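Here is a friendly walk through a protein model, written for someone who likes to think in angles and contacts. Have the viewer open and follow along.

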Amino acid sequence: MDVAAPNLRLIAWEITRSCNLYCSHCRSSSTSDRYANELSSEECFSVIDNILEIGKPIVILSGGEPLLRDDFFDIAKYAADKELRVAVGSNGTLVTKEIAARMKEIPISRLGISVDFPTPALQDQFRGMSGAFDAALQGIENAINCGVEVQINSTITKLNACYLDDLLSLALDLGAVAFHPFMLVPTGRGKELESQELPPEEYERILHWICDKQAEMGERIFFKPTDAPHYIRVMLQRNRNSQTQGTPDIQEEMNSLTRGCLAGIGFCFISHVGRVQGCGYLDVEAGNIREQSFSEIWRNSPLFNDLRDYSKIKGKCGICEYKVVCGGCRARAYEVTGDYLAEEPYCIYQPAPAVSSSTSALSNSKIQRTHVRQ
């Protein structure tokens with residue numbers, strides 16, 4: 001039985017659900033309301049202490065809009081003082097020069113800012129606020145001028161797939177260190193965009209576009225598609241130019257690549273009320289930190305144990321020779337079928353007749369980069 005050893009390297013933490021924007025794709029359907037029962041400052045500090053019992057993962061403070069919390073800097077500093085690497089996922093509109101300077105002082109290791117369209121009118125419409133585009137770009141400039149690394153996140157749908165080259169050019173012009181296309185998972189308010197989700201063939205084309213652009217850009221900017229676990233499979237297939245038969249030697253080819261779906265294996269999500277999930281898009285509770293310690297949930301949650309057991313994956317994902325390095329998007333499978341172990345519905349790949357024994361040797365992969373969600 002192929003079971004992944006848990007190796008927590010990254011946590012996305014929704015420290016508030018409140019937001020000053022009203023984005024079309026929002027996973028949490030956030031509004032400007034104050035949400036009841038959010039974790040208190042002291043509860044957040046306790047969570048950080050408990051995370052340290054597992055290790056020292058990167059902690060992404062996100063939302064909603066995390067800068068709306070009055071104690072945002074208290075939480076960030078507490079985590080940084082405990083030698084955790086702290087990143088932030090934001091819409092960028094509230095990042096003034098003063099806020100950026102305080103981020104640098106904490107220090108915030110990376111700021112992920114969401115820009116989904118390369119023009120003000122389209123971005124403002126998608127984000128639900130006039131001036132959102134200009135405010136985000138000003139926030140990016142403020143952060144970079146203060147020495148805070150910026151990563152551009154773009155949620156890709158039929159609405160903006162044609163602007164990928166323009167978005168990349170914008171990220172380069174702004175001085176971002178990374179460009180992360182997020183492949184839409186239609187949850188929350190994003191359900192209303194379900195008809196705008198890319199078809200599997202276009203999804204595949206964009207993953208190849210990312211491979212091509214990363215090769216073209218080299219060290220100028222780093223690419224990491226998110227919610228696209230089969231990107232790993234695409235990369236491996238492209239690296240096997242000389243192989244004409246048989247199954248791939250995945251162990252040899254993986255090198256430092258990360259795994260595709262990391263939910264419950266190297267990554268998890270904490271909600272504003274303490275709910276722990278495999279990721280923010282997989283709306284299945286692993287436990288609640290108000291009822292159990294985070295370390296207990298991470299180690300023993302039935303959900304996480306399921307996600308770590310590759311033999312439980314169903315459909316074509318279950319027989320795929322790439323399942324250990326890809327695994328399919330468990331959130332997308334859940335949204336489409338109601339079963340988080342079902343096959344990935346947006347993958348065009350047809351598995352080889354026999355699964356390579358080399359895949360069973362891979363039970364863990366290293367996360368090499370910060371992935372900042374918003």
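G64 sits in the loop between β2 and α2. In this predicted model, the peptide bond that joins G63 and G64 is cis, with an omega of about 25°. There is another cis peptide bond to look up, between I106 and P107, where omega is about 5°. P107 belongs to the loop between α3 (97-105) and β4 (110-114).

Step back from G64 into the strand that leads to its loop. Strand β2 covers residues 58-62, and 5 of its 5 residues are buried. Its side chains alternate: I58, I60 and S62 point one way, while V59 and L61 point the other way, and all are buried. In the sheet, β2 pairs with strand β1 (residues 10-14) in the parallel sense, over 5 bridges. If you want one of these pairings to click on, E14 has S62 of β2 as its bridge partner.

Now zoom out to the whole sheet. Its 10 strands follow the order β7-β6-β5-β4-β3-β2-β1-β8-β9-β10, and the sheet is open with mixed pairing. Which strands stand at the edges? They are β7 (222-223) and β10 (287-288); each has a single partner strand, so one side of each is left without a neighbour in the sheet. For β7, there are 2 bridges to strand β6 (residues 178-183), and the two strands run parallel. F179 and F223 are bridge partners there, with F223 in β7. Helix α2 (residues 72-81) packs on the sheet, where it touches β2 and β3 (86-90), and its direction makes about 150° with that of β3.

A few numbers put this in context. The chain has 13 helices and 10 strands. Of its 374 residues, 59% are buried. Taking contacts between residues at least 6 apart in sequence, 75% join residues at least 24 apart.

Next, the helices. Two packed helices are described by the angle between their axes and the distance between the axes. Start with helix α7 (residues 200-217) and helix α8 (residues 231-238): their axes come within 10 Å and cross at roughly 60°. The two helices are therefore oblique to each other, and α7 passes α8 in a right-handed crossing. On the α7 side, the contact is made by E204, L207, H208, I210, C211 and D212, and on the α8 side by Y231, R233, V234, M235 and R238. By class, these residues divide into 6 nonpolar, 1 polar and 4 charged.

Compare that with helix α4 (residues 120-127) and helix α5 (residues 132-145), whose axes come within 7 Å and cross at roughly 100°. That angle falls in the range from 65 to 115 degrees, and α4 and α5 are therefore roughly perpendicular to each other. Here P120, Q123, D124 and R127 of α4 meet A132, F133 and D134 of α5. This contact has 3 nonpolar, 1 polar and 3 charged residues.

Helix α13 (residues 330-337) is worth a look too. Its buried residues are R330, A331, R332 and A333. What covers them includes β6, α7, α11 (302-308) and α12 (315-319). Just after α13, G338 takes a positive phi of about 85°.

Positive phi also turns up at residues other than glycine. N37, in the loop between β1 and α1, has a phi of about 70° although it is not a glycine. D227, in the loop between β7 and α8, has a positive phi of about 60° and is not a glycine either. Are these two residues buried or exposed? N37 counts as exposed because its relative accessibility is 53%, whereas D227 counts as buried because its relative accessibility is 10%.

One last stop is E43, in helix α1 (residues 41-51). With a relative accessible area of 27%, E43 is partly exposed. Leaving aside residues up to four places away in sequence, E43 touches E38 and R290. E43 and R290 are 247 residues apart in sequence, yet their C-alpha atoms are 8.6 Å apart in space.

Terms used:
Residues are numbered from 1 along each chain as its sequence is written. This is a predicted model: local features need pLDDT of at least 70, side-chain atom pairs count only at pLDDT 80 or more; totals for chains, interfaces and linings use all residues. Side-chain values use heavy atoms; hydrogens and water are left out. Axes are lines fitted to C-alpha atoms, for helices over the stretch in contact, and angles run from 0 to 180 degrees between N-to-C directions. Helices (H or I, at least four residues) and strands (E, at least two) are DSSP runs, numbered from the N terminus. Angles under 35 degrees count as roughly parallel, over 145 as roughly antiparallel, 65 to 115 as roughly perpendicular and the rest as oblique. A crossing is left-handed if the near helix is turned anticlockwise from the far one by less than a right angle, and right-handed if clockwise. Contact means heavy atoms within 4.5 Å. Ala, Val, Leu, Ile, Met, Phe, Trp, Tyr, Cys and Pro count as nonpolar, Asp, Glu, Lys and Arg as charged, and the others, Gly among them, as polar. Buried means under 20% relative accessible area, exposed over 50%, partly exposed in between (1.4 Å probe, protein chains only). Two strands pair if DSSP finds at least two bridges between them.
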